[in-house]
Amino acid sequence: MGKDVIIALDFPGQEQTLAFLDRFAGRKPYVKIGMELFYAAGPDIVRQVKARGHQVFLDLKLHDIPNTVRRAMASLSALDVDMCNLHAAGTVAMMEAALEGLTRPDGTRPLLLAVTQLTSTSEERMRDELWIDHPMDETVLHYTELAKRAGLDGVVCSPLEAGKVHQRCGSGFLTVTPGVRPVGGDVGDQVRVTTPAGAKALGSDYIVVGRPITQAEDPAAVWQRCVDDFVD
Ligand code: C5P
């Protein structure tokens, strides 16, 4: 399981998404559908991308009362996604309910990952606004342990945190890591970045790469280079 490059399909609608995927000439990269595309194009975009043969990480970061999350996850599971996520801040009870909802009648289910603290949240804002007084890295590892206790499969984190997560929760606990830039790529608004080869060395299980592939002149070539550097 694992070791793959996931392309973030951060597009405003179905037309742009399918035109982008057409450029892969029969190859089927693992893709991530986030809030922008899902809220614009609806569940049908997931069905269409799955029908084309792609694996799908549905990145909707659920956070609500356990009963609502259980039922929402059952709907996502019926869409046959391969991976989805939620906020660990919803508590262990919410994460356990999510797993129940995701599990299909035949016992299979998509992988479920937790977001610990968003990378856009600074330690200062966490303290002043969320009233969490612990340092960021301790907070991230604490939320990671809660996710593990609830039975989840892993966390979304920075590649720079992947080693610590594995140390604390075991090498089988998955780390899915955005903030990856191919050598020489434009960093954009990502701050703490590493290359696909760097992420591999740090122990990431999956890397998420968006704009360096979606905005490239030849997306399939950039994706292939990421796969060569990260997987092989
Ligand atoms: O274009 P870029 O490679 O920066 O895209 C990264 C993707 O990963 C985006 O869809 C972004 O929302 C997502 N992401 C992230 N950092 C996180 C969690 C998700 O960049 N901590």
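Which loop, between which helix and which strand, holds Asp153? In this predicted model, Asp153 sits in the loop that runs between helix H7 (136–150) and strand S6 (154–156). The close-ups below start there.

**View 1. Asp153 and its surroundings in the loop between H7 and S6.**
Asp153 is buried, with 17% relative accessibility. Its side chain makes a polar contact with the side chain of Arg109, at 2.7 Å. Arg109 is also among the residues that Asp153 touches, leaving aside those up to four places away in sequence. The others in that set are Pro110, Leu111, Leu112, Leu113, Gly172, Phe173 and Leu174.

**View 2. Cysteines of a structure with 0 disulfides.**
A disulfide is a covalent bond between two cysteine sulfur atoms. The sulfur of Cys84 has its closest cysteine sulfur in Cys157, 17 Å away, so the two are too far apart for a bond. Cys84 is buried, at 1% relative accessibility. For Cys169, the closest cysteine sulfur is again in Cys157. That separation is 10 Å, too far for a bond because the cut-off is 2.5 Å. Cys169 is buried too, with a relative accessible area of 7%.

**View 3. Phe20 and Phe24, an aromatic pair.**
Aromatic pairs number 5 in the structure. In one of them, the ring centres of Phe20 and Phe24 lie 5.2 Å apart, with the planes at 70°, so the pair is edge-to-face. Both rings belong to buried residues: Phe20 has a relative accessible area of 5%, and Phe24 has 0% relative accessibility.

**View 4. Phe38 and Tyr39, an edge-to-face pair.**
Here the ring centres are 6.3 Å apart and the planes of Phe38 and Tyr39 stand at 65°, so this pair is edge-to-face. Burial separates the partners. Phe38 is buried, at 13% relative accessibility, whereas Tyr39 is exposed, with a relative accessible area of 60%.

**View 5. The aromatic cluster of Phe11, Phe20, Phe24 and Trp223.**
These four residues form one cluster. Phe20 and Phe24, the edge-to-face pair of View 3, are both members.

**View 6. The chain as the setting for the close-ups.**
The protein chain has 11 helices and 8 strands. Its radius of gyration is 17 Å, close to the 17 Å of the globule rule for 232 residues, so the chain is as compact as a globular protein of that length. The C-alpha trace spans about 45 × 40 × 30 Å along its principal axes. Buried residues account for 50% of the 232. Of the contacts between residues at least 6 apart in sequence, 67% join residues at least 24 apart. The accessible surface is about 11100 Å², and carbon and sulfur atoms contribute 50% of that surface.

Conventions
Residues numbered from 1 in each chain as written. Predicted model: local features only at pLDDT ≥ 70, side-chain atom pairs only at ≥ 80, totals over all residues. Heavy atoms only, no water. Buried < 20%, exposed > 50% of the residue type's maximum accessible area, 1.4 Å probe, protein only. Helix = DSSP H or I, 4+ residues; strand = E, 2+ residues; numbered from the N terminus. Polar contact = N/O pair within 3.5 Å; in protein donor to acceptor, adjacent residues only side chain to side chain. Contact = heavy atoms within 4.5 Å. Rg over C-alpha atoms; globule rule 2.2 N^0.38 Å. Areas by Shrake-Rupley, 256 points an atom, 1.4 Å probe, with all protein chains shown as cover. Phe/Tyr/Trp six-rings, centres within 6.5 Å; stacked < 30°, edge-to-face > 60°.
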